[in-house]
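Open the model in your viewer and keep the selection panel at hand. We will go from stop to stop, with a note on what to select and what you will find there.

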Amino acid sequence: MDYVIVGAGPAGVIAAETLRRSDPAGAITLIGDEPEPPYSRMAIPYLLAEGIGEEGTHLRHGGDHYEKLKIEVRQGRVASLSPGDKSLALDGGETLSYDKLLIATGAHAVRPPIPGMDLPGVENCWTLEDARRIAAGARPGSRVVLMGAGFIGCIVLQALAARGVDLTVVEMESRMLARMMDDAGAEMIERWCKSKGVEVLTSAKVTGVEATNGGLRLIIDDAGMIDADLVVCATGVAPNLGFLEGSGVDTDLGVLVNEYLETGVAGVFAAGDVAQGPDFSTGKQAVHAIQPTASEHGRIAARNMAGHETRYRGSLSMNVLNTLGLISSSFGLWAGADGGERAVAADPERFRYLRLEFEDDVLVGALCLGLTQHVGVIRGLVQTRVRLGPWKDRLLNDPLQVMSAYLERTQGVA
Amino acid sequence: MQKSLLITADLCTSCMQCEMACSFEHEGVFNPAKSRIKVFEFEHGKRAIPYTCTQCAEAWCLHACPVEALSRNPQTGAVEVDDDVCVGCKVCTIACPFGTVNYNQDTGKVIKCDLCGGDPQCAAVCPTDAIVYVDANWTGYERMKQWAVKSDARPSA
Amino acid sequence: MGWQRKILRVNLSEGTAESEPLNMDWAFQYLGERGLATKYLWENMDPKADPVGPDNVLIFATGPLTGTMASTGGRYVVVTKGPLTGAIACSNSGGKFGAELKFAGYDLLVIHGRAPEPVYLHIVDDEVEILPAGELWGATVWHTEEALKARHQNPLLKVASIGVAGERGVRFACIINDLHRAAGRSGVGAVMGSKNLKAVAVHGTVGVRVDDPGRFMEVVRETHKLLAESDGRKELTELGTNAMIDMMQEFGGLPTRNFHEVQFDGVDKINPTAMAATTPSGHRNLITNKACFGCTIACGRIAHIDANHFTIVNRPEYRHASGGLEYETAYAFGPVVGIDDIDALTFASYLMNEHGMDPISFGGTLAAAMELYEMGVITADDTDGVALEFGNAEALTIMAEKTGKYEGFGQVLGLGSKRMCEKYGHPELFMGVKGQEFAGYDSRALQGMGLGYATSNRGACHLKHDAFAVDMEDQTGNGKARPVKRSQDKVAIIDSTGLCLFTTSAWGIKDFQKQIDAACEGDWTVERLFETGERIWNLERQFNLAAGLTAADDTLPKRLLEVPAPSGTAKGKVNELDKMLPEYYAERGWTTDGVPTQETLERLGL
């Protein structure tokens with residue numbers, strides 16, 4: 001059996017390893033398009049913050065890890081897919097045939113269509129190569145403008161701040177973390193950032209970037225201009241779907257896959273940031289570009305590729321973030337379910353916030369600020385759909401009892 | 001024979017010796033805030049539940065780690081954090097549906113139970129045998145593990 | 001180490017909270033907790049100050065072993081000038097609050113002044129805030145603790161607070177931490193109330209280190225084992241402190257009906273056997289036992305009240321579990337007021353914790369009021385229509401609640417027994433010393449206990465010495481001065497470590513010494529510890545003398561000195577204080593007027 005995995009990020013690597021366990025004899029090829037050993041984008045901010053070296057971003061640390069597992073890792077970019085003859089064409093013309101294919105091509109950074117975004121000194125923060133360029137430009141005291149204060153933007157924010165730069169964050173939306181935090185939580189995070197000396201502009205639209213004498217100048221609609229030595233763009237990412245054009249593999253926001261993570265084309269699977277698979281909370285298909293989903297997708301897709309039919313219950317949207325020392329997290333349907341109920345405990349002065357969302361007596365989503373202990377139980381409660389019974393009222397009254405509710409409802413000690 | 005922590009909450013008096021032993025073993029300081037095992041109390045002390053990682057087979061934390069900082073110790077079966085590799089991204093803290101991996105803001109790393117390398121100090125000091133370290137097969141502690149399976153988003157086939 | 005070497009000083013009048021280095025010279029002289037707090041009190045206030053005025057100083061103090069793995073290392077003490085006694089107050093408590101204060105980085109919390117409006121302290125390590133108490137003023141202890149955890153979104157907060165009793169100056173109001181552990185005696189809660197301080201809420205993440213961790217852990221393993229194997233410890237674990245009630249009943253030292261009797265015929269209904277028995281209706285009072293922080297004994301009881309009992313049949317909010325009967329609560333709501341209804345006792349105990357009152361003083365005061373009532377000095381007109389007769393369980397729970405809420409006749413009871421008896425012209429009915437009511441030991445049966453009561457620096461107290469064994473062996477006043485003096489010094493040491501007195505069921509002074517020596521810098525020998533204990537005792541005495549107390553206050557009520565015990569092993573005996581006291585002063589190196597001689601003071605470096 002020939003397995004080909006396109007994409008050497010976490011989903012691809014975990015899939016390759018799982019395949020090896022499931023099928024000791026199969027041939028496994030892992031194709032990545034960057035000239036690096038498989039690495040984790042999630043670790044890049046910590047590289048920038050100088051907490052780790054480049055090796056610290058690598059997904060696996062043994063030098064011969066892939067050799068030992070007989071996983072062929074090769075660099076290349078896939079140009080097109082021909083499901084009819086089960087083959088791939090690489091840039092440069094080479095073709096590869098497969099019996100089972102996993103599309104784990106991830107995503108790429110997207111820059112807004114603004115004049116001047118292509119100037120030198122405007123960088124994405126997505127690849128290791130991006131990180132090297134940012135590291136070269138972001139020195140203590142450098143004037144750095146970060147465009148975008150979403151989840152990735154906020155992680156990058158932390159890293160840039162750690163480098164001691166003079167940092168300004170420009171966000172087009174009316175709040176930071178528009179897709180991970182509600183108004184109340186975002187307000188606290190923004191205020192927290194400002195209190196730590198980071199300039200934050202929300203509802204601020206960059207209309208152009210110009211080169212100046214030895215630097216850059218951002219034109220902000222309504223707010224004038226900001227001079228910068230470096231502009232880091234974290235305004236969004238999009239799945240890498242281009243090579244699928246004309247292949248017959250259905251795509252929407254990402255590659256559409258069923259609960260076995262298989263596409264409509266037999267033998268072709270997708271996993272990770274590129275996949276639009278079952279969403280645990282809604283039952284619909286969604287792109288959840290997060291590490292736990294990549295890891296689960298990789299394992300489950302691989303099991304199905306190897307013939308061990310394994311159904312996926314769906315990915316749970318969740319994030320955890322450290323913004324200059326303020327820890328926040330979000331789970332599932334944090335904005336609430338139709339007809340559901342909500343419990344909120346907020347202490348804005350101390351940057352503490354907990355919001356729980358219920359559907360009937362089941363926890364379906366949550367937002368947390370300033371909570372670092374036992375936060376995983378929220379996933380546990382959401383994912384197992386444990387009925388909270390009498391604890392629901394107690395939680396409506398005092399959401400902080402969530403750990404107690406969890407222990408009593410799941411550990412059989414009520 | 002691999003051993004596991006067997007926790008019998010009914011025997012717990014919430015004396016916190018386990019939390020102190022844990023923090024002393026791992027941090028060299030008596031500091032429940034840094035303990036890998038936590039005792040939770042209910043209803044004016046009517047019940048107390050010592051709670052820590054079960055070293056579950058699913059190892060959600062391990063699989064979610066983007067940099068391979070978590071690995072299973074083949075001798076003890078414990079999933080351990082390699083501090084030199086952990087970048088502090090905290091993904092494991094939200095991935096673990098038991099909430100037993102916690103972020104330590106002082107070090108910027110995560111902490112979890114590592115069974116003290118095979119001699120768990122919580123069990124060693126527990127005065128009431130609410131926490132004991134016994135052969136995994138007869139712990140009856142399968143309860144938690146079964147729950148882990150139920151909550152699994154992975155293989156059900 | 002052992003010490004955090006840091007204290008937190010709060011001035012409520014000025015709204016300031018600042019940390020400062022612990023005075024290590026004093027730490028080496030006074031060890032910690034009770035000793036060190038006494039030194040800080042002495043150096044920081046005029047002993048003549050009004051106990052409920054802004055010039056009184058309120059100190060929460062941990063010991064060097066608080067927050068360590070030494071068994072029972074969760075104790076803290078509240079030291080201040082007591083409003084019940086006018087003497088130095090020193091109230092020891094367990095639970096988890098003390099260790100948490102230590103974990104936040106502080107050996108002592110020293111509180112000066114008086115807040116202009118009700119406030120509470122919120123302490124998370126170095127972050128200290130004085131915050132408005134707002135609607136918490138007037139709330140119960142239980143509500144306050146819950147509300148503060150919710151307000152600060154921190155279930156890990158440990159809270160010490162007062163109820164209305166403390167706010168309104170009930171003379172025996174206490175400070176409750178962790179819902180049912182109490183810095184119980186001498187009215188320290190009223191001092192807190194007088195400062196407009198509702199609560200101290202603390203969360204600590206700094207931790208505690210010891211000087212020689214290797215040796216300390218070795219000693220801890222030994223001392224844990226000693227406790228684990230001790231029969232005394234096993235009895236405390238299995239039966240709780242109320243095991244004492246059967247012993248005192250048998251011995252004839254169980255004060256009954258305001259000390260008219262020394263044995264109580266209802267003991268079988270309120271003893272540990274009764275607590276653990278299932279009633280015909282299927283109720284069992286005792287649920288489980290519970291430990292304070294670090295304690296491998298776990299003498300605490302968790303109980304609940306029969307849902308059909310008259311006290312709570314219409315009050316479902318009290319159906320939950322909470323702290324159950326200790327010996328002193330069983331005594332103070334049982335024999336001394338002649339009541340044997342275990343659920344009523346348990347409910348009264350709940351009320352003490354919920355409203356923040358000392359059960360010993362409340363029970364002692366109620367006993368005197370019952371005697372006044374039976375004498376006809378007071379009538380139902382005075383007592384809001386309640387028949388204050390010995391044995392009336394409903395009177396107990398009604399009055400407990402009235403006092404807790406400072407309503408009606410509860411305001412009179414809130415004066416404490418001495419002031420109440422004086423008010424009604426019968427000071428002889430007050431059963432206590434220096435204004436503080438006796439614990440559950442009759443000093444006609446336990447002679448040394450009488451001397452201990454008379455000379456305790458905080459007024460009548462059973463916990464400031466430990467000459468029990470000597471008292472049981474010989475029921476005369478002969479040779480009691482020396483063991484009482486020596487055990488007072490020993491207890492002063494133990495109270496200064498952060499450990500619990502109940503470990504003495506298994507540990508000798510040497511076992512304490514080893515733990516202190518391993519945890520603390522310096523060479524802590526047994527001799528040095530005894531000298532430290534004696535120094536502490538004498539400094540407390542100095543405080544009291546400066547506050548205006550004299551040898552005349554080292555006495556017992558006539559009922560114990562002149563009326564012979566009616567039954568039991570001491571039948572026909574009175575307390576021989578007149579013989580013991582002069583010997584005791586001599587042992588102490590005090591003048592015949594009970595004043596430390598210059599030589600004594602110099603020897604102790606005072």
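## A sheet in chain C

Start by selecting A303(C) and S322(C): S322(C), in β15(C), is the bridge partner of A303(C). Bear in mind along the way that this is a predicted model.

Now widen the selection to the strands around this pair. Strand β14 of chain C covers residues 300–303, and two bridges join β14(C) to β15(C) in the antiparallel sense. Add β13(C) and you have an open sheet of three strands, in the order β13-β14-β15 of chain C, with antiparallel pairing. Which strands are at the edges? The edge strands are β13 and β15 of chain C, and each pairs on one side only.

## Where chain C meets chain B

Keep chain C on screen and show chain B as well. How many residues does each chain bring to the contact? There are 27 residues from chain C and 20 residues from chain B. To find the chain C side, select α7 (213–229), β13 (286–290) and β15 (322–323) of chain C, the elements that give two or more residues to it. The largest share comes from β13(C), with four residues. Colour the side of chain C that touches chain B by class, and you will find 13 nonpolar, twelve polar and two charged residues.

## The domains of chain C

Hide chain B and colour chain C by domain: domain 1 takes 6–203, domain 2 takes 221–433 and domain 3 takes 447–603. Between the C-alpha centres of domain 1 and domain 2 of chain C the distance is 25 Å. Their contact draws on 33 residues from domain 1 of chain C and 28 residues from domain 2 of chain C.

On the domain 1 side that touches domain 2 of chain C, select α4 (141–151), α5 (164–167) and β10 (175–177) of chain C; each supplies at least two residues. Here α5(C) has the largest share, three residues. By class, this side of domain 1 of chain C is made of 16 nonpolar, twelve polar and five charged residues.

## Two hairpins in chain A

Move to chain A and select 78–82 and 87–90. These are strands β4 and β5 of chain A, paired in the antiparallel sense over four bridges. Look for S82(A), which stands opposite S87(A) in β5(A). Four residues lie between the strands of this hairpin, where K86(A) takes a positive phi near 45°.

Next, add β6(A), residues 95–97: three bridges join β5(A) to β6(A), and the two run antiparallel. One pair to pick out is A89(A) with its bridge partner T95(A) in β6(A). β5(A) and β6(A) also form a hairpin with four residues between them, and in its turn G92(A) has a positive phi of about 100°.

## The five-stranded sheet of chain A

For the last stop, select the open sheet of five strands in chain A, whose order is β22-β23-β26-β25-β24, with antiparallel pairing. At the edges stand β22 (318–323) and β24 (341–347) of chain A; each has a single partner strand, so one side of each is left without a neighbour in the sheet. Neighbouring strands of this sheet are turned by 10° against each other on average, direction ignored.

Finish by zooming in on β25 (352–359) and β26 (362–369) of chain A, which pair in the antiparallel sense over seven bridges. Within this pairing, label R355(A) and its bridge partner in β26(A), L367(A).

Definitions and conventions:
Residues are numbered from 1 along each chain as its sequence is written. Chains are lettered from A and ligands numbered from 1 in the order in which they are written. This is a predicted model: local features need pLDDT of at least 70, side-chain atom pairs count only at pLDDT 80 or more; totals for chains, interfaces and linings use all residues. Domain bounds come from an automatic or database domain assignment. Two residues are in contact if their C-beta atoms, placed from the backbone, lie within 7 Å. Ala, Val, Leu, Ile, Met, Phe, Trp, Tyr, Cys and Pro count as nonpolar, Asp, Glu, Lys and Arg as charged, and the others, Gly among them, as polar. Two strands pair if DSSP finds at least two bridges between them. Axes are lines fitted to C-alpha atoms, for helices over the stretch in contact, and angles run from 0 to 180 degrees between N-to-C directions.
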